[in-house]
Amino acid sequence: MNSTDFVVARNDLQQCKIIETRLPDAATLPDEALLVKIDRFALTANNITYAVLGDQLKYWQLFPAPENFGNIPVWGFGEVIASKHPGISEGERLFGYFPMATHLVIEAADVTKRGLRDAAAHRQGVAPVYFLVDDFLAENEFYGAQSVMLSSASSKTAFGLAHLLHTLHKDIRVIGLTSAGNTDFVRSLGCYDDVVTYDRVGSLLTDQPVAFVDMAGNSELRAKLHRHFGEQIKYSGRIGLTHRSSSTDEPELPGAKPTWFFAPDQIRKRAREWGPGGIDVRFSAAWSGFAPMLDRWLKVVEGRGEGPVKQVYQDTLAGRVPPDQGHILSLTA
Ligand SMILES: NC(=O)c1ccc[n+]([C@@H]2O[C@H](COP(=O)([O-])OP(=O)(O)OC[C@H]3O[C@@H](n4cnc5c(N)ncnc54)[C@H](OP(=O)(O)O)[C@@H]3O)[C@@H](O)[C@H]2O)c1
């Protein structure tokens, strides 16, 4: 049996190809292994960030690929089509990290000790990141800031956070920073009090303390904001790298020192403080307020097969995906 995999050159993300890899079938599956058919997965700038950080954060190690190539991890659903593990039945559906592929063999040890537990941890660890940033900022009383600026305001991660800030913290002004082409979309969301294009950030008033939550990871923009606001920047959190224009050699900047927001730290802290199920309960509450907005804000676009997967990958890499689209892909026939 074969799996169809989509792989990219690690040092040149423009280069991508489809390969076939040999898989065991139900009869030859090793003991305690699962054969999973990957039904569908989402692809956004987040997955491009995984590829950009593939070496640094070891994302390339998750799934096998030919030398110098990598299989980008995606979030998706799979179905167990063969199982040699007594605790997992055929037909079981799994949500979690998958490769961009049609199939995956999972060692049962991982499934029992990590896989299924991972699936729960992943749900806690990634989807609610905006929930956790909101929680983290609120817990720290916004570091004294009266407004929060979000870069790549058109990204799903940003408007998830903006929605929470807007609904839960009415006294905090939410400012979206975006590119000219995405301004109308960001304005239409209604969760930003103000929307400013990147070339106009110099016009922002500096009379009040601000916090900056950075999804774009653009060194030039960050420097411009820190120099403009100076000591009024009370928090500068790095979350994403959508613009892929981060310099490795960044100068010291005025205001709060830019630091990576590391969700697992906050998850561990809250898991201790809130006890079993505490994060899930709060996440469900945050999600149930956010999910109804998505029908209005996002069009789910489904793509199936090698051509659409390649196209959506290239469009996502080049930043050509309109912000109101959410792409769900599949390599299975
Ligand atoms: N640290 C964490 O745990 C964590 C968790 C979730 C997400 N994130 C990060 O947050 C970021 C957003 O992820 P997402 O899934 O929300 O992405 P998304 O919805 O696909 O973001 C799309 C937006 O990103 C900007 N963009 C994308 N590609 C670009 C390109 N090639 N050139 C310039 N701008 C580009 C554009 O926004 P503008 O025009 O508005 O700039 C675009 O509308 C990613 O970097 C992701 O890794 C981090």
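Start by selecting helix 1: of the elements around the ligand, helix 1 gives the most to the shell, with three residues. Keep in mind as you click around that this is a predicted model.

Now widen the selection to the whole shell. You should pick up 25 residues surrounding the ligand, and the closest are Thr44, Ser154, Thr178, Ser179 and Tyr198. Color them by class and you get 15 polar, eight nonpolar and two charged residues.

Next, show side chains and look for polar atoms facing the ligand. Begin at Ser179, where a side-chain N or O atom sits 2.4 Å from an oxygen atom of the ligand. Then hop to Thr49, whose side chain has an N or O atom 2.7 Å from a ligand oxygen. Thr157 is the next stop, with a polar side-chain atom 2.7 Å from an oxygen atom of the ligand.

Switch on a surface here. Taken on its own, the ligand has 940 Å² of accessible area, and the protein covers 84% of that. Which elements give two or more residues to the shell? Select helix 1 (45-52), helix 4 (156-168) and helix 9 (306-317) to see them.

Last stop: leave the ligand and select residues 263-274 (helix 7) along with residues 278-297 (helix 8). Their axes come within 8 Å and cross at roughly 110°, so helix 7 is roughly perpendicular to helix 8. To see the contact itself, show Ile267, Arg270, Ala271 and Trp274 on helix 7, then Gly278, Ile279 and Arg282 on helix 8. Sorted by class, this contact has four nonpolar residues, two charged and one polar.

Note on methods: Residues are numbered from 1 along each chain as its sequence is written. This is a predicted model: local features need pLDDT of at least 70, side-chain atom pairs count only at pLDDT 80 or more; totals for chains, interfaces and linings use all residues. Side-chain values use heavy atoms; hydrogens and water are left out. A residue is near a molecule or strand if one of its heavy atoms lies within 4 Å of it. A polar contact is a pair of N or O atoms within 3.5 Å; within protein, one must be able to donate a hydrogen and the other to accept it, and residues adjacent in sequence count only if both atoms are side-chain atoms. Accessible areas come from the Shrake-Rupley method with a 1.4 Å probe; for residues, only the protein chains shown count as cover. Helices (H or I, at least four residues) and strands (E, at least two) are DSSP runs, numbered from the N terminus. Ala, Val, Leu, Ile, Met, Phe, Trp, Tyr, Cys and Pro count as nonpolar, Asp, Glu, Lys and Arg as charged, and the others, Gly among them, as polar. Axes are lines fitted to C-alpha atoms, for helices over the stretch in contact, and angles run from 0 to 180 degrees between N-to-C directions. Angles under 35 degrees count as roughly parallel, over 145 as roughly antiparallel, 65 to 115 as roughly perpendicular and the rest as oblique. Contact means heavy atoms within 4.5 Å.
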